[in-house]
Amino acid sequence: MSIKIKCESKLTDDLSDSLLNKNMNDFWKSWRNKFGKRDTKAKIVEGYNSNEDIVQAFKSFFSQTCVPNDPSTHLKHKKVFEREFAGYLENENEDVDSFFTVSDVDSAFLKMKKGKAVGVDMVSSEHLIYAHPCLVVSLKMLFNLMFFYGYVPTEFGKVTLIPLLKDSSADASLCENYRGISLSCAISKVFEYAVLCKFSSLFQTDSLQFGFRSEIGCSDALFTVKSVIDYFTKNGCTLTVSALDISKAFDRISFYALFSKLMARQLPKPIIRVLLSWYEKSFTSVKWNDCASEWFQVTAGVRQGGVLSPFLFAIYIEDVLKQLKLHGKGCKIGGVYLGCFLYADDILLISQSVSCMQDMLNICCKVANELDLKFNGKKSVVMRIGNRCNMQCNELLLDGTVLPFVDELKYLGVIIRKSLKFSRSLSSSKIKFYRSFNSIYSKVPGAPEDVLIHLFKSCCLPIITYACEALIPTRADLKVLDKLVTSAFNKIFKSFDCSII
């Protein structure tokens with residue numbers, strides 16, 4: 001027996017034993033050890049081949065992404081904030097000694113996720129979770145002192161950024177094809193969780209913002225969008241649907257404008273003071289292999305890797321919804337506004353006419369300019385759904401850029417087709433399904449059926465069942481899904497007998 005066959009036999013035996021003993025940790029550990037992603041870091045980036053030069057190239061690239069789109073607008077927001085903040089301090093009178101309790105910090109500890117990489121402080125979540133209970137008391141005192149003095153430790157503002165390739169098929173030699181994964185101080189995350197637990201009601205957003213809300217997700221947004229489109233198309237309307245993309249949304253916002261919005265929500269002054277201290281001492285260092293760049297200051301955007309950052313961004317972008325509602329532009333059902341849907345920075349607009357859609361786009365552009373955000377005209381598209389979906393319409397402009405009318409539109413991982421009614425395309429899901437299954441089957445073709453079935457259910461089935469609970473498949477869709485599953489089972493059981501399948 002060859003060495004290759006012995007290794008494959010050993011792997012399938014380990015997987016089968018783990019599955020039989022219902023030990024899923026060992027099952028996936030064996031799988032990852034054999035087929036997990038290897039380190040495929042590029043050897044040459046932007047023409048450089050040494051780690052020292054590559055990390056400097058990444059530093060130059062990422063330092064340019066976390067600056068304001070328009071420095072003059074950013075400066076204007078800063079002046080407005082400083083003027084409002086002075087009066088805000090005079091009018092507020094909070095008892096900061098009673099802000100955090102031991103229970104608040106302990107609840108924050110329970111939200112910490114294990115197995116995460118350490119930040120610049122080299123403290124992991126496990127260090128805090130399994131520490132002596134007296135640490136909770138010490139951190140409670142630290143957090144209250146931070147609130148009292150409006151100051152955060154310098155280490156709180158330091159973040160290590162790890163460049164990761166966005167797409168395995170992208171050119172790994174270009175910095176623009178990388179995104180940064182941020183590693184921050186573990187204690188700072190405890191502090192953010194404590195703030196979120198203590199003041200969760202102050203971070204609530206509009207019901208049409210489906211991102212970063214408890215027990216709300218993509219399925220809820222997709223179901224609502226489908227329901228709105230179905231309601232109008234069944235009544236003979238042809239809807240205009242626009243999907244807008246914001247360039248570097250999280251990295252470009254003016255945090256001074258954000259603080260003004262937090263004051264409008266009547267957040268306690270200690271929170272504003274702490275956030276101001278925190279954001280003004282935000283520094284990032286890029287790490288590539290064993291090399292780290294010098295620290296550079298972040299002058300715009302929400303903190304990368306921060307627990308509060310998604311909620312702060314949702315508050316920042318909410319002005320788009322407010323202005324559209326104020327002007328009454330977009331679809332309504334029974335007096336309820338349903339013309340704009342947000343999921344983080346994903347914006348979907350729905351209107352009953354093309355002219356109304358142009359008004360909505362103009363409002364969005366005006367709000368974006370006020371917030372110092374820029375729309376990406378190349379990634380923003382328009383589509384028509386209804387009886388007159390194939391009729392030629394006037395051009396729609398987004399900040400001077402003509403938006404293309406498309407036959408398919410991708411929203412939250414689902415491809416929506418131009419049709420007489422809401423229709424979902426499964427073409428990309430089919431390709432991903434076959435790619436995933438064939439990749440698995442080619443690695444362990446001789447594995448027992450129970451092992452292959454478990455891998456199929458874990459890695460392949462979710463691809464084609466994604467959002468099915470919100471977008472109930474049609475008969476045609478069910479036939480496609482049934483064919484996909486049957487073809488996979490034919491290979492697993494090595495039979496074409498329908499009774500066996």
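**Strands, helices and loops in a predicted model**

Val159 stands opposite Thr284 in strand 4, and that pair is a handy way into this predicted model. It belongs to the pairing of strand 1, residues 158-165, with strand 4, residues 283-288; the two run parallel and are joined by four bridges. Thr284 turns up again in another pairing, where it stands opposite Phe296 in strand 6. Strand 6 covers residues 296-297, and its two bridges to strand 4 are of the antiparallel kind.

Strand 4 also pairs with strand 5, residues 291-292, again in the antiparallel sense and over two bridges. Here Lys287 has Ala292 of strand 5 as its bridge partner. These two strands make a hairpin with two residues between them, and in that hairpin Asn289 takes a positive phi near 55 degrees. As a rule, most residues other than glycine have a negative phi.

Val159 comes back into view from the side of strand 2, residues 178-183, which is where Ser182 sits. With neighbours up to four places away in sequence set aside, Ser182 is in contact with Val159, Thr160 and Leu161, and also with Gln304 and Gly305. The relative accessible area of Ser182 is 13%, so this serine counts as buried, the cut-off being under 20%.

Moving on to the helices, helix 12 takes in residues 269-280. Its end C-alpha atoms are 17 Å apart, which agrees with the 16 Å that twelve residues should span at 1.5 Å a residue. Most of helix 12 is covered, with ten of the twelve residues buried. Among them are Lys269 and Pro270 at one end of the list, along with Ile271, Ile272, Val274, Leu275 and Leu276, and then Ser277, Trp278 and Tyr279.

Helix 12 is also one of the elements that the buried residues of helix 8 pack against; the others are helix 5 (102-111), helix 6 (125-129), helix 7 (134-149) and helix 13 (309-317). The residues of helix 8 that are buried include Phe191, Glu192 and Tyr193, as well as Ala186, Ser188 and Val190. Ala194, Val195 and Leu196 are buried in helix 8 too. With 13 residues, helix 8 reaches 19 Å from its first C-alpha to its last, close to the 18 Å expected at 1.5 Å a residue.

Two loops next to these helices hold residues with an uncommon backbone angle, given that most residues other than glycine have a negative phi. Gln266 lies in the loop between helix 11 (255-264) and helix 12, and its phi is positive, at about 65 degrees, although it is not a glycine. Glu215 is found in the loop between helix 8 (186-198) and helix 9 (218-234), and its phi is near 60 degrees, likewise a positive value in a residue other than glycine. Glu215 has a relative accessible area of 77% and is therefore exposed, the cut-off being over 50%.

Further along the chain, Val320 is found in helix 14, residues 319-327. At 3% relative accessibility, Val320 counts as buried. Its C-alpha is 6.0 Å from that of Cys364, though the two are 44 residues apart along the chain. Not counting residues up to four places away in sequence, Val320 touches Cys364, Val367 and Cys340.

Another hairpin is made by strand 14 and strand 15; it has two residues between the strands, and Leu412 there takes a positive phi near 55 degrees. The strands run antiparallel, with four bridges joining them, and Tyr411 has Val414 of strand 15 as its bridge partner. Strand 14, residues 408-411, has two faces: Leu409 and Tyr411 are on the covered one, Glu408 and Lys410 on the uncovered one.

Just past strand 15 (414-417), Ser423 is in the loop that leads to strand 16 (424-425). Its side chain makes a polar contact of 2.7 Å with that of Arg417. Arg417 is also among the residues in contact with Ser423 once neighbours within four places in sequence are left aside, together with Ile415 and Ile416. Ser423 is buried, with a relative accessible area of 13%.

Lastly, Ala447 is in the loop between helix 16 (427-443) and helix 17 (449-465). This alanine is buried, at a relative accessible area of 7%. Apart from neighbours within four places in sequence, it is in contact with Thr12 and Leu452. The C-alpha atoms of Ala447 and Gln56 are separated by 47 Å, with their places 391 residues apart along the chain.

Terms used:
Residues numbered from 1 in each chain as written. Predicted model: local features only at pLDDT ≥ 70, side-chain atom pairs only at ≥ 80, totals over all residues. Heavy atoms only, no water. Expected span 1.5 Å × (residues − 1). Buried < 20%, exposed > 50% of the residue type's maximum accessible area, 1.4 Å probe, protein only. Polar contact = N/O pair within 3.5 Å; in protein donor to acceptor, adjacent residues only side chain to side chain. Contact = heavy atoms within 4.5 Å. Pairing = 2+ DSSP bridges.
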